[in-house]
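Student: I should like a close look at a single part of this model, with its surroundings described in one connected account.

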Amino acid sequence: MAGLCKTFWSRPLQSTFSLACKLPEASLTLRLRCLHSSTTLLRNSDDDEPKGWFSRLRKTAQPDQSHSMALSNKDTVYELQFHGVKPECMEDYLNQFSTFQQLMRDKGTGAELVGSFTVEIGDQDEAVHMWQYPGGYPVLNNANMIYRTDSDFVEFRKQRNAMLRSRRNQILLAFSFWPAIQPRDPSHIYELRSYTLKPGTMYEWGNCWAKGIKSRQTNNEPVMGFFTQIGNVYSVEHFWAYKDLQTRKETREAAWGRPGWDECVSYTVPLIRHMKSRILIPTPFSPLQ
């Protein structure tokens, strides 16, 4: 408490601090912890964090700066698709989707398949596809127009829809502090960890993970990290690659031995409303293997 008062006691905060001291003990503890979390991260941000990320974050006081401007460069937008497939149709579905992703290239849509997977552990009989649109929303708009009007795609949808139980998608931007997405050689399993955050906490999430990602690179496991722009907002998607489940276990345990990982977990867990994990297997035609 003495250290906290020394750090933050200033004339503009005296009245706020005095009011906080009148709060119940549990509420006071939570508020002081959040205050310590935010200032500790900002104080350390000049040490060795990615300069581009923190330079943009510090400019957020400007009223015309949106979340996406501070968190991502927005040069490329991504689409994450979830298809619930009828169990008896999975093989036919994958064969058809392999043809479809080739057709997307041949038709000049500008869409590029980043990764294609089926769920091994989690929601069974589900396919997950990640697309990227270099050039941003104009390329996405063009791809959607071709997809809606081209006769080959109309026929594809008729056949595909008969094999599905459900489908949904969301438009994402990539966190600027995650490593660049690179194709991977066989063979890996992938984990998709999905988080729904409390509204208004995306900056703090990014601030923590810009540091925490350094503790999670034991076996080059970070693949891609995104936040939702259109769809289920305040959602975060992290993809990780591992050789197998045992390697996943060992890699995750090793992170706890590195300075800073415990703080990243401690500060970000209170920001989460819901989280979900899936283990994914790449399809034969996926660029990520």
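Student: To begin with one residue before turning to helix α6 and the strands around that helix: does alanine 70 count as buried or exposed, and at what relative accessibility?

Tutor: The model is a predicted one. Alanine 70 has a relative accessibility of 0%, so this residue counts as buried, the cut-off being under 20%. Alanine 70 belongs to helix α5, which comprises residues 67–71. Its C-alpha lies 9.5 Å from that of glycine 206, although 136 residues separate the two in sequence.

Helix α6 is the part to examine at length. The helix runs over residues 90–106, and its 17 residues, at 1.5 Å a residue, should span 24 Å; the C-alpha atoms at its two ends are 24 Å apart, which agrees with that expectation. Its buried residues are Met90, Tyr93, Leu94, Gln96, Phe97, Phe100, Gln101 and Met104. These cover an arc of only 165° around the axis, and therefore they lie on the same side of α6. The general reason is that an α-helix has 3.6 residues a turn, so residues three or four places apart point the same way. On the face turned away from this buried side, α6 carries the exposed residues Glu91, Asn95, Thr99 and Asp106. After the helix comes glycine 108, with a positive phi near 70°.

The buried residues of α6 pack against strands β1 (76–85), β2 (112–121), β3 (126–134) and β4 (164–174), and against helices α7 (137–149) and α8 (151–161). Two of the buried residues show what such packing involves. Tyrosine 93, leaving out residues up to four places away in sequence, touches His83, Val85, Ala127, His129, Arg160, Met163 and Leu164. Tyr93 is also among the residues with the most contacts inside the largest nonpolar core, which has 52 residues; the others so listed are Phe100, Trp131, Tyr133, Phe175, Trp205 and Trp209. A second core, separate from this one, has 19 residues and includes Val119, Met130, Leu192 and Phe226.

Glutamine 96, likewise in α6, has a relative accessible area of 13% and is therefore buried. Apart from neighbours within four places in sequence, Gln96 is in contact with Phe156, Gln159, Arg160 and Met163. A polar atom of the glutamine 96 side chain lies 3.4 Å from the backbone oxygen of phenylalanine 156. Between glutamine 96 and arginine 160 the C-alpha distance is 7.7 Å, with their positions 64 residues apart in sequence.

Among the strands against which α6 packs, β3 has eight of its nine residues buried, so β3 is largely enclosed by the rest of the structure. Strand β3 runs antiparallel to β1, to which nine bridges join it; in this pairing glutamate 79 stands opposite tryptophan 131 of β3. Strand β2 also runs antiparallel to β3, with six bridges between them. Here phenylalanine 117 faces valine 128 of β3, and glycine 115 stands opposite methionine 130 of β3. Four residues lie between the strands of the β2 and β3 hairpin, in which glycine 122 adopts a positive phi near 135°.

Strand β2 itself has seven of its ten residues buried, so β2 too is largely enclosed by the rest of the structure. Four bridges link β2 to β8 (residues 272–282), and these two strands are antiparallel. In that pairing isoleucine 121 stands opposite isoleucine 279 of β8.

Terms used:
Residues numbered from 1 in each chain as written. Predicted model: local features only at pLDDT ≥ 70, side-chain atom pairs only at ≥ 80, totals over all residues. Heavy atoms only, no water. Expected span 1.5 Å × (residues − 1). Buried < 20%, exposed > 50% of the residue type's maximum accessible area, 1.4 Å probe, protein only. Arc of directions from axis to C-beta. Contact = heavy atoms within 4.5 Å. Core = buried A, V, L, I, M, F, W, Y, C linked by side-chain atoms within 4.5 Å. Pairing = 2+ DSSP bridges. Polar contact = N/O pair within 3.5 Å; in protein donor to acceptor, adjacent residues only side chain to side chain.
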